[in-house]
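Here is a short briefing to read alongside the sequence and the structure. Keep both open and follow the points in whatever order suits you.

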Amino acid sequence: MRHDFDEIIDRRGTDSEKWNNYPPDVLPMWVADSDFKCPAPVIDALLNRVRHGVFGYCKDDLEKVEKASAHWMRTRFGWDVRSEWVVFSPGVGTVLSLVVNAFTNPGDYVVVTTPIYPPFSLAPAFNGRKPLSSPLRQGQSGWEFDFDDLETLFAEPRAKLLLLCNPHNPTGKAATEAELLRIGELCLRHGIVVLSDEVHCDYVFPGRKHIPFASLSPQLADISLTAINPSKTFNLADLRTAGVIAGNVVLRERYRTAVTNAKLGRSSLGLLAYEVAYTQCAWYVDELVLYIKANLEYAVDRINRKIPGIRADMPEATYLLWLDCRELGLPQRRLVEFFLQEAKTALNSGTSFGPEGAGFMRLNTACPRAVLEEGLARIERACRAAAAR
Ligand SMILES: Cc1ncc(COP(=O)(O)O)c(C=O)c1O
């Protein structure tokens, strides 16, 4: 099968968060969903179900979704997941809060590596826990963990949980086996539970591969839970699904209790899309990853060669570009205004990912090439005009 990722689909007027937030002359390149249609088999299955026309409560039989999750992990990443390890959840954002509440007590510390997708810090903070931040460092070979710093934080008596983002949003880092093993070793030494958010796992580019944290050893599987969701890959975020995989029955049942008690519900449409995506649509991902890689290469080349004041490195994973705009010399509020008012593009402000994001903006490249070209042309014009002033 082939999917047309060049197709331009008008998302205005569809309640899209990304497309409805700004005036029509601003091109949105922010929220981390894609502008692509989901794969045809998912659309067909949903249409069939919708035509039935009855949407009463759906049965609590999640076997298909559990099996689909295990199948995806096994076939894409060589991780031998058993379907009974999977607990269905309504979104990885929700998982972060549930895990914080299930595995820590008020006043406990939760370690995160910043800059980071905002709910990693907000879920602990909103629930009366303290996020402890270990900034990533920009080294010779890309973004690096500061293991000494991590160990100092894990050694805090109230530190209980690491929220690991692998692959990492917003830097696009895909952690190596050696890095994950070292993090795991530190967590084992200090009794830290790990939630590995692997929602971006399908977007890892040649040269790196996605390594599920829990797949590396029985010991790491024993202290961790892994969150996945076909939402990013197949553009299904609004169907509110996710799977949490935990081989350790104690962690799994504690998490399951948190989900059950929260009475969050699920929809038959979400369950159906989840299953079809993970069992019938691997071909879509193979095409998508090549499309995104080409988009990113094009963007990085154009930015570094033609856009004064901005620099970008090719990410190892994700469709997100972490733009270093420090040379523009603008305070963050002005930087955001510059993109919105002068470049007429909406990007995420770097500081929404933590104070380390000052001078950075996040650009989403999961859109047709023509849209990306238009966005970069706008940014280029604005930066050239600013440089000429
Ligand atoms: C790292 C990360 N985790 C979780 C989410 C949200 O996932 P979900 O749509 O499953 O709530 C996002 C969305 O941008 C993300 O980037």
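How many bridges join β7 to β8, and do these strands run parallel or antiparallel? Five bridges join β7 to β8, and the two strands run parallel. Please keep in mind that this is a predicted model. With that said, let us start from the whole chain and work down to single residues.

**Overall build**

- The chain holds 14 helices and 14 strands. Its radius of gyration is 21 Å, close to the 21 Å that the globule rule gives for 389 residues, so the chain is as compact as a globular protein of that length.
- Taken along the principal axes, the box filled by the C-alpha atoms is roughly 60 × 55 × 35 Å.
- Buried residues make up 56% of the 389 in the chain.
- Among contacts with a separation of 6 or more, 73% are between residues 24 or more positions apart.

**Two domains**

- The chain is divided into domain 1, built from 17-39 + 283-388, and domain 2, which spans 44-280.
- The centres of domain 1 and domain 2, taken over C-alpha atoms, are 26 Å apart. On the domain 1 side 30 residues take part in the contact, and on the domain 2 side 33 residues do.

**Nonpolar cores**

- The largest nonpolar core has 74 residues, and I310 and I379 are the ones that touch the most other members. Helix α12 (residues 282-306) gives this core its largest share, 12 residues.
- Both domains feed this core, with at least three residues drawn from each of domain 1 and domain 2. Another core, of 29 residues, lies apart from it and includes F120, A123, L225 and V259.
- Beyond its neighbours up to four places away in sequence, I379 touches I307, I310, F339, A343, T345, L347 and L363.

**Strand β7 and its parallel partners**

- Strand β7 (residues 159-165) is mostly covered, with six of its seven residues buried.
- One partner of β7 is strand β3 (residues 109-112), which runs parallel to β7 and is joined to it by four bridges. Here V111 stands opposite L162 of β7.
- Where β7 meets β8, L162 stands opposite V194 of β8. L162 is thus a handy residue to pick out, as it is found opposite V111 and opposite V194.

**Strand β10 and its antiparallel partners**

- In strand β10 (residues 242-245), A242 and V244 point one way while G243 and I245 point the other way, and all are buried.
- Strand β2 (residues 86-89) pairs with β10 in the antiparallel sense over four bridges. In this pairing F88 stands opposite G243.
- Strand β9 (residues 224-228) also pairs with β10 in the antiparallel sense, over three bridges. The bridge partner of A227 in β10 is V244.

**A three-stranded sheet**

- What is the order of strands in the open sheet of three strands? The order is β11-β14-β13, with antiparallel pairing.
- The edges are taken by β11 (320-324) and β13 (348-349); each has a single partner strand, so one side of each is left without a neighbour in the sheet.
- Two bridges link β13 and β14 in the antiparallel sense, and N348 stands opposite R362 of β14.

**Two loop residues to look at**

- Where does T365 sit? Its place is in the loop between β14 (360-364) and α14 (369-388). Is T365 buried or exposed? T365 is buried, with a relative accessible area of 0%.
- A polar atom of the T365 side chain lies 2.9 Å from the backbone oxygen of Y319. Leaving out residues up to four places away in sequence, T365 touches I292, N295, L296, Y319, L321 and L372.
- F213 lies in the loop between β8 (193-197) and α8 (218-222), and F213 is buried too, with a relative accessible area of 0%.
- Not counting neighbours within four places in sequence, F213 is in contact with L164, L180, I183, G184, V194, S196, E198, L220 and S224.
- F213 and S231 are 18 residues apart in sequence, and their C-alpha atoms are 20 Å apart in space.

Terms used. Residues numbered from 1 in each chain as written. Predicted model: local features only at pLDDT ≥ 70, side-chain atom pairs only at ≥ 80, totals over all residues. Heavy atoms only, no water. Buried < 20%, exposed > 50% of the residue type's maximum accessible area, 1.4 Å probe, protein only. Polar contact = N/O pair within 3.5 Å; in protein donor to acceptor, adjacent residues only side chain to side chain. Contact = heavy atoms within 4.5 Å. Pairing = 2+ DSSP bridges. Core = buried A, V, L, I, M, F, W, Y, C linked by side-chain atoms within 4.5 Å. Domains from an automatic or database assignment. Rg over C-alpha atoms; globule rule 2.2 N^0.38 Å.
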